[in-house]
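Welcome! Open your viewer and let's take a short walk through this structure, one selection at a time.

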Amino acid sequence: MHQPKSYAILTNNTSQTHGIIDRLLTNVPISGVHQLQDLKGLLFSRSEIDRYMDEEERHDIKILTKETQQSLKTMSSGEQKKALLRYLLQQEPDFLVLVNPFDNLDVAAQAQLKEQLCTIASTKTVVQLVSRLEDILPVTTDFYKLDGEELHPYETAKAFWEANEKKSSAFNGTIPPALQPLEIPDMELVKFEKVSVRFDGRQVLDQIDWTIRRGEFWQLIGPNGSGKSTLLSMITGDSHKAYGQDLTLFGQKKGSGESVWDLKKKIGYFTPAVTDKFRGYHSLEHMVISGLHDSIGLYVIPTDTEKRLAHEWLKLLGLYDKRANHFRDLSPGDKRLVMVARAMIKHPPLLILDEPTAGLDDSGAALFVDLVNKIASESDTAIVFVSHRKEPGLYPQFNYILNVRETGSVGSVGLS
Ligand SMILES: Nc1ncnc2c1ncn2[C@@H]1O[C@H](COP(=O)(O)OP(=O)(O)OP(=O)(O)O)[C@@H](O)[C@H]1O
């Protein structure tokens, strides 16, 4: 049988992906991709999941989740992606546009989805927009790169791979110190003891024992739905499931009167969704300083000392010359570096990075990982880095691994 074409479009931090997606789905001719005109295309992306989540919630209807009781919002990333793909295929599209399809998926779920997408690609055209080279489907026939709005075709697969080898760079200088030396108690910062969690009668976590001490560098690993977000939300005070559990945070037993606000002051937290949703007009300088005031964006007049400290951070990141620019105009990779500086400026006892490299291109991810390694080696802040991808170049001291069982996930500690 005639094998349809499979297109891969490599994106980077400058790529205008929305434009090309719109053109593909509305059949605007794109040179080299002429086969898709007049055909029906559907979109498989994180933004589509968010859109359906919004619609399902707002109108209290079920679109992707018709076959289950559970809401889309409470599903794991893997479950959400499966639901979207099933729904799209039911509509029998002529082609699919896939945007970073493997982001937020664990290794097993990635392998499963890869196989499924390759099978789909044997009968349907797929167009993949990917920011990581390793995500390109092996069945790809035509290769492109999207720089800004410009789509560059490659004559051959070989030419494509040779031109897009990974480039990484490092930072110069050291992590700026805190304004006031931080008081990190010389003790266990987080201690879960035999913590179990159930949702709607289903056990998700089973007898979790996990202790994080001052300055430790952890990677939290587990397949989709294993309970990583649930564990994190208990640490950050965002889950009521933490009450009545044997959980000690910064020396205080959970439920013994600490406020969520007090807790949040001790934790630097970053997840890409925070940045993606941020719409305010704040300068880079103010964005970094706002970490000292526990806000996102600055709403008070900064002192000279605060400004000096922010400048040191921006120099380290190579963004000093852009200090007065609007944060919202930065590239996605640079935005994340700034958000980490914001989370670290006061050297909190604990820094949580929740899938922080999702959606970045290879060089953006490498730069981010460099910064995290640097923070780990030059500060007393403990780090929890959550990622499905074994991030090349990341050097955590320990892995906390969630293994899924019928009776809920159990945890184990692995050295790196
Ligand atoms: N509020 C909730 N109500 C019902 N079920 C929930 C709720 N929150 C989480 N779950 C379920 O608990 C399980 C663990 O979810 P959690 O989001 O913690 O996993 P995860 O490891 O972070 O997944 P992912 O890597 O895909 O983000 C999933 O099966 C999810 O569907």
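Domain bounds here come from an automatic or database domain assignment. With that in mind, note that this is a predicted model, and colour domain 1 (6–163) and domain 2 (188–415): the shell around the ligand draws at least three residues from each of them.

Now select the ligand and the 17 residues around it. Those that come nearest are S76, S77, F199, S229 and T230. Show α3 (77–90) and α6 (228–235) as well, the elements that give two or more residues to this shell. If you colour the shell by residue type, you will find 11 polar residues, 3 nonpolar and 3 charged.

Next, move to helix α11 (residues 332–344) and helix α12 (residues 362–378). Their axes come within 9 Å and cross at roughly 15 degrees. Angles under 35 degrees count as roughly parallel, so α11 is roughly parallel to α12. The crossing is right-handed.

Which residues make the contact? On α11, pick P332, G333, R336, L337, V340 and M344; on α12, pick G364, L367, F368, L371 and I375. Of these contact residues, 8 are nonpolar, 2 polar and 1 charged.

Note on methods
Residues are numbered from 1 along each chain as its sequence is written. This is a predicted model: local features need pLDDT of at least 70, side-chain atom pairs count only at pLDDT 80 or more; totals for chains, interfaces and linings use all residues. Axes are lines fitted to C-alpha atoms, for helices over the stretch in contact, and angles run from 0 to 180 degrees between N-to-C directions. Helices (H or I, at least four residues) and strands (E, at least two) are DSSP runs, numbered from the N terminus. Angles under 35 degrees count as roughly parallel, over 145 as roughly antiparallel, 65 to 115 as roughly perpendicular and the rest as oblique. A crossing is left-handed if the near helix is turned anticlockwise from the far one by less than a right angle, and right-handed if clockwise. Two residues are in contact if their C-beta atoms, placed from the backbone, lie within 7 Å. Ala, Val, Leu, Ile, Met, Phe, Trp, Tyr, Cys and Pro count as nonpolar, Asp, Glu, Lys and Arg as charged, and the others, Gly among them, as polar. A residue is near a molecule or strand if its C-beta atom, placed from the backbone, lies within 6 Å of it.
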